[in-house]
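Open the model in your viewer and keep the sequence beside it. We will go from stop to stop, selecting as we go.

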Amino acid sequence: DAPGLCIDPAAAYTAVFDTTRGTVRVALAAANVPGTVNSFVNLARFGYYDRTLIHRSDPSIGILQGGAPHTNSVTDPGPGYTLWDEGSGFDYRPGQLVMARRESPNSADAQFFFTVTDAAALLDADGTSVVFGEITAGLDVLTGILAAHRDEPGNDFGGAPDPPVLIRSVTIETRDGEPPEGTGETGGEPPDGGETDPEPPATAPSADAGPPGGTGATGAEPPATAVDADAGPPGGTGATGAEPPATAVDAGTGPPGGTGATGAKAPGGTGDEEAN
């Protein structure tokens, strides 16, 4: 199940991404999308994102995707739960932190993507990937990473930075710069599979990292329709099961061939949790 609410929606939280290319700071939108922020904060506290790769880059939609500790790919199984969509009709522009999702409603879990260039606006036609933070420092770092994009033939999600970029850690600060107190109602245990391997792959994931054959998760299906925020409380528990990876969907060309990506041409499918 998704973790119980452990944040104060009225408080200010900042996520600090320490990467091998520099530091990125993001002000989290706890008041607007508390369920999404709550899940991200819990996962970060458990070190879920530490020593993971920015495994996807796609200049065509201006995004960088990460958050896949098990496989460092869009097909990552996630933390063992999914989230309710907190709204729809989002607009995308440079400088945002967005939760990747699959084509189906309420399918986001842990993968996220950064919007880096104006090309991210191509995702507006779908608008279902929840924006849960604004970059306050380090957009130049992300711009440099996206500039190092390398296409991977046969990869429907674009490619990856070359050389690979490691997220050493993601830490959460409150307004006074200290980590928030308490662990929330998580039972003191990390999310399913939350402990990452000590070392990520030495190279960027290959194009073969697409959705597993036979899961029926892919681009042939149209992107999921927007889900109204009233569809349920944040912190939904839908299992990821055999659903397609979450990734960003390219509003300009339709869902990427072969998988529903979360987001922008499928970022984060959480299998690619898309930039949806």
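**Stop 1: paired strands**

Select V16 and R25: V16 stands opposite R25 in strand β2. Before you go on, note that this is a predicted model, where local features need pLDDT of at least 70, side-chain atom pairs count only at pLDDT 80 or more, and totals for chains, interfaces and linings use all residues. Residues are numbered from 1 along each chain as its sequence is written, and side-chain values use heavy atoms, with hydrogens and water left out.

Helices (H or I, at least four residues) and strands (E, at least two) are DSSP runs, numbered from the N terminus. Two strands pair if DSSP finds at least two bridges between them.

Now select residues 13-19, strand β1, together with β2. The two run antiparallel, joined by 7 bridges. They form a hairpin, with 2 residues between them.

Next, add β8, residues 131-137. Strand β2 (residues 22-28) is antiparallel to β8, and 4 bridges join them. Pick V26 and find I135 opposite, in β8. Then pick L28: it stands opposite G133 in β8.

Keep G133 selected. L97 also stands opposite G133 in β8. Strand β6 (residues 96-99) pairs with β8 in the antiparallel sense, over 3 bridges. In a regular strand, side chains alternate between the two faces of the sheet.

**Stop 2: M99 and a cavity**

Select M99, which lies in strand β6. Is M99 buried or exposed? M99 counts as buried, because its relative accessibility is 2%. Buried means under 20% relative accessible area, exposed over 50%, and partly exposed in between (1.4 Å probe, protein chains only).

Add G67. The C-alpha atoms of M99 and G67 are 9.7 Å apart, although the two are separated by 32 residues along the chain.

M99 also helps to line the second largest cavity. A cavity is a set of points, on a 1 Å grid over the protein atoms alone, where a 1.4 Å probe fits but cannot get out; lining residues have an atom within 4 Å of a point. The count comes to 2 cavities of 30 Å³ or more. The second largest has a volume of about 50 Å³, where grid points are joined across faces, edges and corners and a volume is the space filled by probe spheres set on the points.

Select some of the lining, including T36, W84, D85, R101 and V130. By class, the lining has 5 nonpolar, 3 polar and 2 charged residues. Here Ala, Val, Leu, Ile, Met, Phe, Trp, Tyr, Cys and Pro count as nonpolar, Asp, Glu, Lys and Arg as charged, and the others, Gly among them, as polar.

**Stop 3: T115**

Jump to T115, in strand β7 (residues 112-115). T115 is buried, because its relative accessible area is 0%. Show its neighbours: among the residues T115 touches are G62, Y92, P94, V98 and L139, not counting residues up to four places away in sequence. Contact means heavy atoms within 4.5 Å. Now look at Q96: its backbone nitrogen lies 2.9 Å from a polar atom of the T115 side chain.

**Stop 4: the loops**

Select R51, in the loop between α1 (34-45) and β3 (52-53). Phi of R51 is near 60°, a positive value in a residue other than glycine. R51 counts as partly exposed, because its relative accessibility is 29%.

Go to N106, in the loop between β6 and β7. N106 has a positive phi too, of about 55°, and is not a glycine.

Finish at P163, in the loop between β10 (159-161) and β11 (166-174). Which form does the peptide bond from D162 to P163 take? That bond is cis, with omega near 5°.

Terms used:
A polar contact is a pair of N or O atoms within 3.5 Å; within protein, one must be able to donate a hydrogen and the other to accept it, and residues adjacent in sequence count only if both atoms are side-chain atoms. On a 1 Å grid over the protein atoms alone, a cavity is a set of points where a 1.4 Å probe fits but cannot get out, and a pocket is an open set with protein on both sides within 12 Å along at least five of seven lines; lining residues have an atom within 4 Å of a point.
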